[in-house]
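User: Please take a close look at a single part of this model, the interior, and describe it in one connected account. I would like every term to be given with its cut-offs.

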Amino acid sequence: YLQVDFNDPQFDRLIDQRIPGSCDYAFFFSVYRTKELTQRDHLFRYILNKTKKGVFFEGHAHPQIDTLEYYDWLFDSFNVRYTFLGYSEQHIRPLFYLDLKNRTTQQQKWPSLSTAGVHPPHFTETVSQQGHLVKSR
């Protein structure tokens, strides 16, 4: 058992000291868009780089943001192939399997999204006359 602060800039060194090498599979539960997590790209890259075969990835639960389109953009930004497995928690959190087995040598170290110049899809949110939130690109 190891307690890790993922906002610590050197969290990866702490893990590598205790658990050197890689693992076959990883589980990345609903934390990617968590506002408390300040180094989400660093953590996601670290998990991708430390895992050999695949990652089970659970998305967050905001119905206007955590869309399949958003996660398609995210995984494409990291050049990761994925399979949508369905939803967890009563159809609110999308669940994916990220297949890492056939990645190329170039894909084995993922860049930061910000240094790669990749930005999330921009959505404009407005409220309709009926009071519904409307999202548009």
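Analyst: Helices are taken here as DSSP runs of H or I with at least four residues and strands as runs of E with at least two, both numbered from the N terminus. The model is predicted, and for that reason local features need pLDDT of at least 70 and side-chain atom pairs count only at pLDDT 80 or more, while totals for chains, interfaces and linings use all residues. Residues are numbered from 1 along each chain as its sequence is written, and side-chain values use heavy atoms, with hydrogens and water left out.

The protein chain contains three helices and six strands, which follow one another from the N terminus as α-β-α-β-α-β-β-β-β. Of its 137 residues, 36% count as buried (under 20% relative accessible area; exposed is over 50% and partly exposed is in between, with a 1.4 Å probe and protein chains only). Contacts, meaning heavy atoms within 4.5 Å, reach across the sequence: among those between residues at least 6 apart, 65% join residues at least 24 apart.

The strands that frame the interior come next. Strand β1 (residues 23-28) pairs with strand β2 (residues 51-58) in the parallel sense over five bridges; a pair requires at least two bridges found by DSSP. Between β1 and β2 the chain passes through helix α2 (residues 40-50), and this β-α-β crossover is right-handed; that is, with the strands pointing away from the viewer, the path from the first strand over the helix to the second runs clockwise. Within the parallel pair, Cys23 stands opposite Thr51 of β2, and Phe28 has Phe57 of β2 as its bridge partner. Strand β2 is also joined by five bridges to strand β4 (residues 93-99), in this case antiparallel, and here Val55 has Leu98 of β4 as its bridge partner.

Two of these bridged residues, Phe57 and Leu98, return in the largest nonpolar core, a group of 24 residues in which they and Phe44 have the most contacts. Such a core is a set of buried Ala, Val, Leu, Ile, Met, Phe, Trp, Tyr and Cys residues joined through side-chain atoms within 4.5 Å. At least two residues of this core come from each of α1 (11-18), β1, α2, β2, α3 and β4. The surroundings of Phe57 give a detailed picture: leaving aside residues up to four places away in sequence, Phe57 touches Phe28, Tyr32, Phe44, Tyr71, Leu74, Phe75, Pro94, Leu95, Phe96 and Leu98.

Three of those neighbours, Tyr71, Leu74 and Phe75, are buried residues of α3, as are Tyr70, Trp73 and Ser77. The cover over the buried residues of α3 includes α2, β2, β3 (81-88) and β4. Ser77 has a relative accessible area of 16% and is therefore buried. A polar atom of the Ser77 side chain lies 2.7 Å from the backbone oxygen of Trp73, which makes a polar contact (N or O atoms within 3.5 Å; within protein, one able to donate a hydrogen and the other to accept it, with residues adjacent in sequence counting only if both atoms are side-chain atoms). Just after α3, Asn79 adopts a positive phi of about 55 degrees.

Two buried polar residues sit in loops. Asp66, in the loop between β2 and α3 (68-77), is buried because its relative accessible area is 7%. Its side chain reaches the backbone nitrogen of Ala61 at 3.4 Å. Beyond residues up to four places away in sequence, Asp66 touches Arg33, His60, Ala61, Tyr71 and Pro94; Tyr71 and Pro94 are also among the residues that Phe57 touches.

Gln39 occupies the loop between β1 and α2 and, at 17% relative accessibility, counts as buried. The Gln39 side chain makes two polar contacts with backbone oxygens: that of Phe6 lies 3.2 Å from one of its polar atoms, and that of Asp8 is reached at 3.1 Å. With residues up to four places away in sequence excluded, Gln39 touches Phe6, Asn7, Asp8, Pro9 and Phe11.

The loop between β3 and β4 offers a contrast. Glu89 lies in this loop and, at 47% relative accessibility, counts as partly exposed; its phi is positive, about 50 degrees, although Glu89 is not a glycine. His91 lies in the loop between β3 and β4 as well, has a positive phi near 70 degrees, and counts as exposed at 57% relative accessibility.
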